[in-house]
Amino acid sequence: MPSSPSSLRTLLPSGRPAGSSSSASVRPVLDGTAEPVDLPAPSAASAASPVSTEPPTSPAHPARTSTPLAEPAAETVTGARWALRYRRRLRVVDTAVVAASVAAAAVVDVLDDLADQGAGSTSAVVAGVLEALWLPLVVAVVWTAALALYRSRDLAVVGSGVLEYKRVGSASVLAFVVVAVWFSVAGHVGGQEYFLVALPAGGAGLVLGRWGMRRWLEAQRGAGHFLSRAVVVGSREDVAYVVDRIDATSGAVYDVVGAALTDGDRDGSGVVVGDRVVPVVAGLDDVPRAVWRLSAESVIVAGDAGRGRDWLRDLGWSLEGRATELVLASRLTNVAGPRIHFRPVEGLPLMHVELPEFDGPRHAMKRVSDLVLAGGALVVLAPLLLVLALVVRLDSAGPVLFRQRRVGRDGRTFEMLKFRSMVVDAEQLLGSLDTADEGAGPLFKMRHDPRVTRVGRLLRTWSLDELPQLWNIVRGDMSVVGPRPPLPREVADYERHVHRRLYIKPGLTGMWQINGRSDLSWEDSVRLDLYYVENWSLTADLVIMWRTVRVLLRHDGAY
């Protein structure tokens, strides 16, 4: 089963300057959360390495294009340069947010003190702020240090995935725990404004700042900047697989400029991946020479090259001092970074993969969050639901709600509710539309379905027909986030592995909705749902909810 885009989350280059003497690091390409595993330091024996080298040529940094070997534009920023620039920008944004939130809390603190004392002149306010300057300064320093301690700007996590946000949140909580302990030990009275103002405002500001930086980074990458030129090494099949995953991954930072194939796959032709051809630039013995010639900043080893561990070791040694990263791509599918842990045993890095959890405390927390969110949404949206019900009833004959049997967790069926968006006899007319089916696999989809009513088309465009499913969530049949709820006839046609979609409750939204909805192929829909089933988390659910709002505003795949 193919991996999901998120399961091959790419890693960012380390940003080492050219000429650095530190050894090249090997990073598994999984979810951007694994720690680097240093290769052994070079020895005299490496001189006999079968991996050949060549003096460097002048550096070049081309933008991502359909012709990877094209001469680069002079102003393109890639490799170590983009890494240093981006981290510098993040540091500036984080510092500004922390300073602003702490300053706001300090002002509120001083104003409260002055109000209690019955003084409120401008001079008294200024004097109070200056007198209490040391307190916000300490809080800001501790907060900034916590962000650095948690490596929230580490290039392995910034720009994609949820781990960056989790580290920012964890660092903020740690900072204020330290401040609280310090207040207690020092006997400081007051300062609650920092917890009531600085923490929520600053925490939200840091997350929004990182989100804004991601949008800026995406725009830069769209223009060909902030990319790492990469050569992928391995068999033709493995190279095609890794390049395809990189191209399909939102936020990928690699610009694959060439492939180095194993001896048995070198027939002179390039590697066809989608609508482009990746040129073959070297064999296994000529990788360093190709790296210099193409000014590549990353070498991605895709699968087993068939040369043994010594070849991989020698390749790492040959890349030292060239600001080039050695990256290992794993074919381990449907596994997100938080489930992966590394444990070195006498120099052997062992990869531990946690088994997915389908019960337990985390699922209980998910149920509580479902009740809070769905129950609150029903209360808030009650007037809108009444208006929509009235409009549906006036538009065409038939009931307001459409009830349909769907398959939930563990194969149990339930009655899913939607606002009726089709004519009453839509199910009976389905047989006459089989030849017009535009869906993939067992799904029936038709972009201009004649059974959809006028109001129904509007409801579907904005996904308002799904709102009654909030009641399904309250009842426990569904969750806010989860796999798409399938029909019994779809489940009857499932292959064996696809039944894993039923291990957790279906969702009102999910990976399928934020990645194309009805425009997805059947294979992509299954892949995304299975990835979510095995790797879900409350943090990921929040990200999916946020991205759902963006998708609804763009009406992607809504028909």
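**Exercise 1. A lysine in a loop**

Find the residues that K505 touches when residues up to four places away in sequence are not counted.

*Solution.*
Step 1. Apply the contact criterion, which is heavy atoms within 4.5 Å. K505 then touches R367, R409, G476, D477, M478, S479, G482 and P483.

Step 2. Note what kind of model this is. It is a predicted model, in which local features need pLDDT of at least 70 and side-chain atom pairs count only at pLDDT 80 or more, while totals for chains, interfaces and linings use all residues. Residues are numbered from 1 along each chain as its sequence is written, and side-chain values use heavy atoms, with hydrogens and water left out.

Step 3. Place the residue in the chain. K505 lies in the loop between helix 14 and strand 15 (507–509). Helices (H or I, at least four residues) and strands (E, at least two) are DSSP runs, numbered from the N terminus.

Step 4. Take one partner, G482. It is 23 residues from K505 along the chain, and the two C-alpha atoms are separated by 6.3 Å.

Step 5. Read the accessibility. K505 has a relative accessible area of 23%, and residues are called buried under 20%, exposed over 50% and partly exposed in between (1.4 Å probe, protein chains only). K505 is therefore partly exposed.

**Exercise 2. Two prolines**

Decide whether P486 is buried or exposed, and do the same for P288.

*Solution.*
Step 1. Locate P486. This proline sits in the loop between strand 14 (479–481) and helix 14 (488–492).

Step 2. Use its accessibility. P486 counts as buried because its relative accessibility is 2%.

Step 3. List its contacts. Leaving aside neighbours within four places in sequence, P486 is in contact with R406, V407, V491, Y494 and L502. The C-alpha atoms of P486 and R405 are separated by 9.0 Å, with their positions 81 residues apart along the chain.

Step 4. Turn to P288, which is in helix 7. At 0% relative accessibility, P288 counts as buried. Its C-alpha atom is 9.8 Å from that of R322, 34 residues apart along the chain.

**Exercise 3. Positive phi outside glycine**

Which loops hold D410 and S463?

*Solution.*
Step 1. D410 is in the loop between strand 12 (401–407) and strand 13 (413–419). Its phi is near 60°, a positive value in a residue other than glycine.

Step 2. S463 is in the loop between helix 12 (454–461) and helix 13 (469–475). Its phi is also positive, at about 60°, although S463 is not a glycine.

Step 3. Check the surroundings. D410 counts as exposed because its relative accessibility is 51%. S463, with a relative accessible area of 9%, is buried.

**Exercise 4. Helix pairs**

Describe how helix 3 (residues 134–149) packs with helix 4 (residues 163–186), and how helix 9 (residues 361–380) packs with helix 17 (residues 538–554).

*Solution.*
Step 1. Read the geometry of the first pair. Axes are lines fitted to C-alpha atoms, for helices over the stretch in contact, and angles run from 0 to 180 degrees between N-to-C directions. Helix 3 and helix 4 pack at about 140°, with their axes 8 Å apart. Helix 3 is therefore oblique to helix 4. Angles under 35 degrees count as roughly parallel, over 145 as roughly antiparallel, 65 to 115 as roughly perpendicular and the rest as oblique.

Step 2. Name the contact residues. Among those in helix 3 are W134, V138 and W143, and helix 4 contributes residues including F176, W182 and F183. By class, this contact has 18 nonpolar, one polar and no charged residues. Ala, Val, Leu, Ile, Met, Phe, Trp, Tyr, Cys and Pro count as nonpolar, Asp, Glu, Lys and Arg as charged, and the others, Gly among them, as polar.

Step 3. Repeat for the second pair. Helix 9 and helix 17 pack at about 30°, with their axes 11 Å apart, and are therefore roughly parallel to each other. M365, K366, S369 and L373 in helix 9 meet L538, D541 and M545 in helix 17. These residues divide into four nonpolar, one polar and two charged.

Step 4. Add another partner of helix 9. The axes of helix 9 and helix 10 (residues 382–395) come within 4 Å and cross at roughly 65°. L378, V379 and V380 in helix 9 meet A382, P383 and L385 in helix 10. This contact has six nonpolar, no polar and no charged residues.

**Exercise 5. A covered helix**

Which residues of helix 8 (residues 308–318) are buried?

*Solution.*
Step 1. The buried residues are W311, D314, L315, G316, W317 and S318.

Step 2. Their cover includes strand 3 (228–234), helix 7 (287–294), strand 8 (298–302) and strand 9 (325–329).

Step 3. Set this against the chain, which has 17 helices and 15 strands. Buried residues make up 49% of its 559 residues.
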